[in-house]
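Me: I've got a model open and a few "how do you know" questions about it. Can you take me through the reasoning?

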Amino acid sequence: MTADTVIDCGGIGKRYRRSWALRDCHLAVPAGRVVALVGPNGAGKTTLLGLAAGLTRPSEGAMTVLGDQLPGSPAALDRIGFVAQNAALYPGVPVRDLLRMGRYLNRRWDDARAHAHLEGLGIPLDRRYGRLSGGQQAQVSLALALAKRPELLLLDEPLAALDPLARHDFMAVLLTAVAEGGLSVVFSSHAVNELEQSCDHLVVLGGGRVQVAGEADDLVAGHRMLTGPTAGADEVAARLPVVRDRRAGAQSHLLVRTGGVDAPVSAGWRQQRVGLEELVLAYLREPTASALPGPRGAVRASVRTSEKAMLS
Ligand code: ATP
């Protein structure tokens with residue numbers, strides 16, 4: 001049976017000696033998505049992916065993957081592919097032999113798919129892995145992970161070393177695999193400017209906590225940039241959930257959560273939609289702001305209440 005969620009965290013924390021890499025993380029990542037995991041250096045992205053892959057265990061709280069599987073359990077290991085950050089496979093081993101190893105080590109191995117993937121990109125199978133370019137190495141890692149026919153693919157900064165063309169090719173392979181069905185992808189990335197084309201669900205981590213989680217379309221639809229005279233900015237900011245408050249002389253720019261409806265704006269103010277990149281950057285700049293899934297109706301209701309207050 002297909003699971004509704006691929007990662008479920010109930011208040012998990014991960015501590016390394018005395019410092020917490022993750023704390024009080026609640027997350028339900030839906031299945032069938034390409035999920036981008038974003039956050040500044042040290043936010044806990046690698047730690048979260050490692051927990052989901054079963055490489056390490058939470059210090060507190062519970063986590064399940066692919067519905068109700070425990071990370072690291074045989075059933076989960078069978079159904080999850082993981083490509084670590086700077087995944088260095090055996091540099092002296094030819095690609096063909098890496099594929100052979102994969103075939104011996106995995107029960108659900110799709111050899112034809114791996115060959116077609118690499119031959120389609122013109123990657124020489126007789127070349128040693130260490131002699132391939134960074135982009136080719138990333139494609140080999142991806143081909144090996146996909147040949148496992150995973151239901152969940154975890155990728156830690158897969159795009160980091162790739163040029164724009166290689167990034168495009170990498171994402172194209174990934175999106176095609178997801179479109180074929182039965183695969184969910186969670187990848188960490190610093191490429192905030194490429195999120196719009198590469199993900200349909202977003203998780204932003206900040207300081208070891210989940211700061212933003214949701215469908216990319218909902219997040220974009222649920223925010224507005226309000227621009228108006230600084231003289232009235234305090235009044236607007238007091239009535240709406242403000243993510244980022246930027247005052248530039250006589251003009252102020254307030255990024256607000258509106259819950260998918262237009263914000264009530266007073267005279268002299270205008271509102272615009274914002275793109276995913278601008279949205280993510282705003283949250284990264286305001287680590288205490290958050291946009292977590294909740295009763296959408298409640299947000300709408302609070303905006304309507306403030307609308308009434310503004311009109312009265
Ligand atoms: P980056 O974007 O730089 O890769 P990240 O978001 O992936 O960062 P993590 O690697 O998960 O962040 O690290 C989160 C925090 O946990 C950091 O403060 C890091 O120093 C700490 N940390 C991670 N792994 C260990 C470890 N094995 N031992 C001690 N501290 C660790």
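**Ligand first, then the cavity**

Reply: Sure. In this predicted model, the side chain of Thr-47 has an N or O atom 2.6 Å from an oxygen atom of the ligand.

Me: What makes that Thr-47 pair a polar contact?

Reply: The cut-off is 3.5 Å between N or O atoms. The Thr-47 pair is at 2.6 Å, so it counts as a polar contact. Lys-45 has a side-chain N or O atom 2.7 Å from a ligand oxygen, and for Thr-46 the distance from a polar side-chain atom to a ligand oxygen is 2.8 Å, so these two pass as well.

Me: How much of the ligand's accessible area does the protein cover?

Reply: On its own the ligand has 640 Å², and the protein covers 58% of that.

Me: Which residues come nearest to the ligand?

Reply: Asn-41, Gly-42, Lys-45, Thr-46 and Thr-47, out of 13 around the ligand. Helix 1 gives the largest share of that shell, three residues. By type, the shell has seven polar, four nonpolar and two charged residues.

Me: Why is the empty space in the protein called a cavity?

Reply: Because a 1.4 Å probe fits there but cannot get out. The structure has one cavity of 30 Å³ or more, with a volume of about 40 Å³ for the largest.

Me: What makes the lining of the largest cavity nonpolar?

Reply: Ile-7, Leu-27, Val-29, Val-35, Leu-37, Leu-48, Leu-49, Val-186 and Val-203 line the largest cavity. Ile, Leu and Val count as nonpolar, so the tally is nine nonpolar, no polar and no charged. Strand 2 (19-30), strand 3 (34-38) and helix 1 (45-53) each give two or more residues to that lining.

Technical notes: Residues numbered from 1 in each chain as written. Predicted model: local features only at pLDDT ≥ 70, side-chain atom pairs only at ≥ 80, totals over all residues. Heavy atoms only, no water. 1 Å grid on protein atoms, 1.4 Å probe; cavity = no way out; pocket = protein on both sides within 12 Å on 5 of 7 lines; lining within 4 Å. Points joined across faces, edges and corners; volume = space filled by probe spheres on them. Helix = DSSP H or I, 4+ residues; strand = E, 2+ residues; numbered from the N terminus. Near = heavy atom within 4 Å. Polar contact = N/O pair within 3.5 Å; in protein donor to acceptor, adjacent residues only side chain to side chain. Areas by Shrake-Rupley, 256 points an atom, 1.4 Å probe, with all protein chains shown as cover.
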